[in-house]
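The following exercises concern a single protein chain. Each consists of a task and a solution worked in steps.

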Amino acid sequence: MPKSVGKLRRLRKLYVHHTQIGRLPESLARLRQLMVLDLSYDFFSTTPDVLARITSLEDLDLSNNNLQTLSVGLGALPNLKKLYLRQNPILRSAAELQPFLPIIERLEAGQTEVFR
């Protein structure tokens with residue numbers, strides 16, 4: 001994804017699924033109106049730190065990636081209503097998910113639906 005995506009200041013929805021990316025540019029944090037971000041079927045092994053700075057996010061799809069970890073910053077997204085995590089390695093077993101349960105529980109306590 002090009003760094004110039006940060007210039008699209010009015011962008012509300014961004015679908016970047018099935019693109020085989022595994023990193024996001026820091027300029028994405030400039031998208032203050034971005035509400036929907038679909039990063040499903042890509043190559044993320046951890047949730048990019050820049051996501052925690054997109055406070056307008058309401059719907060985030062990280063399904064079918066290679067997520068091994070979740071960043072604590074996800075739990076602090078104030079407007080997040082839906083988080084899709086289906087089909088990721090961290091969900092294979094209770095033991096693998098255990099370290100990330102506090103983040104998921106924090107999201108669910110804040111009325112975020114987490115789809116696992």
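Two residues are in contact when they have heavy atoms within 4.5 Å. The model is predicted, so local features are reported at pLDDT of at least 70 and side-chain atom pairs only at pLDDT 80 or more, whereas totals for chains, interfaces and linings use all residues. Residues are numbered from 1 along each chain as its sequence is written, and side-chain values use heavy atoms, with hydrogens and water left out.

**Exercise 1. The fold as a whole**

Determine the order of helices and strands along the protein chain, and assess its compactness.

Step 1. Helices (H or I, at least four residues) and strands (E, at least two) are taken as DSSP runs and numbered from the N terminus. The protein chain contains two helices and five strands, arranged along the sequence as β-β-β-β-α-α-β.

Step 2. The radius of gyration is 13 Å, close to the 13 Å given by the globule rule for 116 residues, so the protein chain is as compact as a globular protein of that length. That radius is taken over C-alpha atoms, and the globule rule is 2.2 Å times the number of residues to the power 0.38.

Step 3. Along the principal axes, the C-alpha atoms fill a box of roughly 40 × 30 × 15 Å.

Step 4. With a 1.4 Å probe and protein chains only, a residue is buried under 20% relative accessible area, exposed over 50%, and partly exposed in between. Of the 116 residues, 46% are buried.

Step 5. Among contacts between residues at least 6 apart in sequence, 33% join residues at least 24 apart.

**Exercise 2. Two positions in one loop**

Describe the surroundings of Ser 71 and of Leu 74.

Step 1. Ser 71 is located in the loop between strand 3 (59-61) and strand 4 (82-84). Leu 74 is likewise placed in the loop between strand 3 and strand 4.

Step 2. Ser 71 has a relative accessible area of 13% and is therefore buried. Leu 74 has 0% relative accessibility and also counts as buried.

Step 3. Leaving aside neighbours within four places in sequence, Ser 71 contacts Thr 47, Asp 49 and Ile 103. With the corresponding exclusion, the contacts of Leu 74 are Thr 47, Leu 51, Leu 60, Leu 80, Leu 83 and Leu 107. Thr 47 thus appears in both lists.

Step 4. One of the partners of Leu 74 is Leu 60; the two are 14 residues apart in sequence, with their C-alpha atoms 9.9 Å apart.

**Exercise 3. An aromatic pair**

Which arrangement do the rings of Tyr 84 and Phe 115 adopt?

Step 1. A pair of aromatic rings is described by the distance of the centres and the angle of the planes. Rings of Phe, Tyr and Trp (its six-membered ring) pair if their centres lie within 6.5 Å; planes under 30 degrees apart count as stacked, over 60 as edge-to-face and the rest as tilted.

Step 2. A search of the whole structure yields one aromatic pair. The ring centres of Tyr 84 and Phe 115 are 4.6 Å apart and the planes lie at 10°, so the pair is stacked.

Step 3. Because Tyr 84 lies in strand 4 and Phe 115 in strand 5 (residues 113-115), the pair ties together parts that are 31 residues apart in sequence. Tyr 84 counts as buried, at 17% relative accessibility.

**Exercise 4. Positive phi outside glycine**

What is the phi of Gln 20, and what is that of Gln 87?

Step 1. Most residues other than glycine have a negative phi.

Step 2. Gln 20, although not a glycine, has a positive phi of about 65°. This residue, Gln 20, belongs to the loop between strand 1 and strand 2 (36-38) and is exposed, with a relative accessible area of 59%.

Step 3. Gln 87, also not a glycine, has a positive phi of about 60°. Gln 87 occupies the loop between strand 4 and helix 1 (94-97), where its 61% relative accessibility classes it as exposed.

**Exercise 5. Two charged residues**

Locate Arg 9 and Glu 96, and list their contacts.

Step 1. Arg 9 precedes strand 1 (13-15) and is partly exposed at 49% relative accessibility. Glu 96 lies in helix 1 and is partly exposed at 34%.

Step 2. Not counting residues up to four places away in sequence, Arg 9 contacts Arg 30, Leu 31 and Gln 33, while Glu 96 touches Pro 89 and Ile 90.
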